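Biologist: Could you take me on a close look at one part of this model, the nonpolar patch on the surface, and then set it in its surroundings?

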Amino acid sequence: MPDLGRYAAEVLAAYAASLALLGAITWSSVSRWRRLRAEMERAERGRDG
Amino acid sequence: MSIWDYANPKRFIATTTPALPWLFALAGGCLAVGLVWGFFLTPEAERFGSSVKIIYLHVPSAMMAINAWAMMLVASLIWLVRRHHVSALAARAAAPVGLTMTLIAIVTGAIWGQPMWGTWWAWDPRLTSFLILGLFYLGYIALWEAIADPDAAADLTSILCLVGSVFALLSRYAVNFWNQGLHQGASLSLDAEENVSDVYWLPLVVCIAGFALLFLALVLMRTGTEIRARRLRALTLRSQRLEA
């Protein structure tokens, strides 16, 4: 861990907030993509069967 | 093969889905290298101390917030002119990602501004135009959700996107238009005297590549999701009509 001096709290808070926001948008995008793909496959199976 | 072939939703999904893992891996790799490089291996700046390390998040996210709106503008124009559904859905898919980038830019800017300027927020031209851009993102997302007919929603959101482009442009050039306020000029410039020094520039470019690749991967994935959601609605409506 580098010595961040007097701005340690600001730097760490900026990284934590940014990574949390990037993680949230990625997680929500991936989970909705998976859910819709599964629903679509079910719907098409139902239509064909 | 023409770019317009990708306006076919099935072809769009078939082409982009295999690329997604590679894009996410590349984005993750660039972000990991750029952020670790910037955080652990760059020195403190003479004026800003270690707070300079916030640049690796603030600059790429601000750039992507503006570029996301530019991408939405192009997609909206394609919808308005050529009526390709995939382009309208791509614009819709990009909005939450652009909003996230705007939030990151505003939050990291406020965290940096507190110790440097002595305030979390100032009604400075660039900060204010960025806040308005964020509100336009919120309005754009809300308008898509508020209108049931997808084609009408695509029309109205495209017009909103055209109007919001003024603020996206202002966000980028506010510092040049109004030579006042707290926010400094561009960190990246072709002018060697204005540009940040190489020790910060190299990891910053890697971070920008990481943010851009992540944006691309997320937008392609979310566009595929929107295409599926639209198809699913059509299938549900058709089966309801058959039952009735």
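Modeller: Gladly! Let me start with the surface as a whole, keeping in mind that this is a predicted model. Chain B exposes about 11,900 Å², and carbon and sulfur atoms supply 67% of that area. For chain A the accessible surface is about 3,100 Å², with 56% belonging to carbon and sulfur atoms.

Now to the patch itself. Its area is about 530 Å², and its members come from both chains: Met1(A) and Leu12(A) on one side, with Val36(B), Phe40(B) and Leu41(B) on the other. The element of chain B that gives the most to the patch is helix H2, residues 20–41, with 3 residues. Leu41(B) is a good residue to zoom in on, as it belongs to helix H2 of chain B. Is Leu41(B) buried or exposed? Its relative accessible area is 62%, and because exposed means over 50%, Leu41(B) counts as exposed.

Stepping back, here is the chain that carries helix H2. Chain B has 7 helices and 0 strands, so its order from the N terminus reads simply α-α-α-α-α-α-α. The C-alpha trace of chain B spans about 70 × 35 × 30 Å along its principal axes. Of its 244 residues, 48% are buried. Among the contacts in chain B with a separation of 6 or more, 76% join residues 24 or more positions apart. As for charge, chain B carries 16 positive and 14 negative side chains, with 14 Å between the centres of the two sets.

The other partner in the patch, chain A, has 1 helix and 0 strands. Its C-alpha trace spans about 65 × 15 × 5 Å along the principal axes, and 27% of its 49 residues count as buried. Chain A has 8 positive and 6 negative side chains, and the centres of these two sets lie 5 Å apart.

While you have chain B on screen, please also visit Arg83(B), in the loop between helix H3 (55–82) and helix H4 (85–117). Its phi is near 60°, a positive value in a residue other than glycine. Why point that out? Most residues other than glycine have a negative phi. With a relative accessible area of 38%, Arg83(B) is partly exposed, because that value falls between the 20% and 50% cut-offs. Leu41(B), back in the patch, is exposed at 62%.

Notes. Residues are numbered from 1 along each chain as its sequence is written. Chains are lettered from A and ligands numbered from 1 in the order in which they are written. This is a predicted model: local features need pLDDT of at least 70, side-chain atom pairs count only at pLDDT 80 or more; totals for chains, interfaces and linings use all residues. Side-chain values use heavy atoms; hydrogens and water are left out. Helices (H or I, at least four residues) and strands (E, at least two) are DSSP runs, numbered from the N terminus. Buried means under 20% relative accessible area, exposed over 50%, partly exposed in between (1.4 Å probe, protein chains only). Contact means heavy atoms within 4.5 Å. Accessible areas come from the Shrake-Rupley method with a 1.4 Å probe; for residues, only the protein chains shown count as cover. Lys and Arg count as positive and Asp and Glu as negative; His and the chain ends are not counted. The place of a charge is taken as NZ of Lys, CZ of Arg, CG of Asp or CD of Glu. Patches are made of residues with over 30% relative accessible area and no salt bridge: like charges are joined within 9 Å, nonpolar side chains (Val, Leu, Ile, Met, Phe, Trp, Tyr) within 5 Å. A salt bridge is a side-chain nitrogen of Lys or Arg within 4 Å of a carboxyl oxygen of Asp or Glu.
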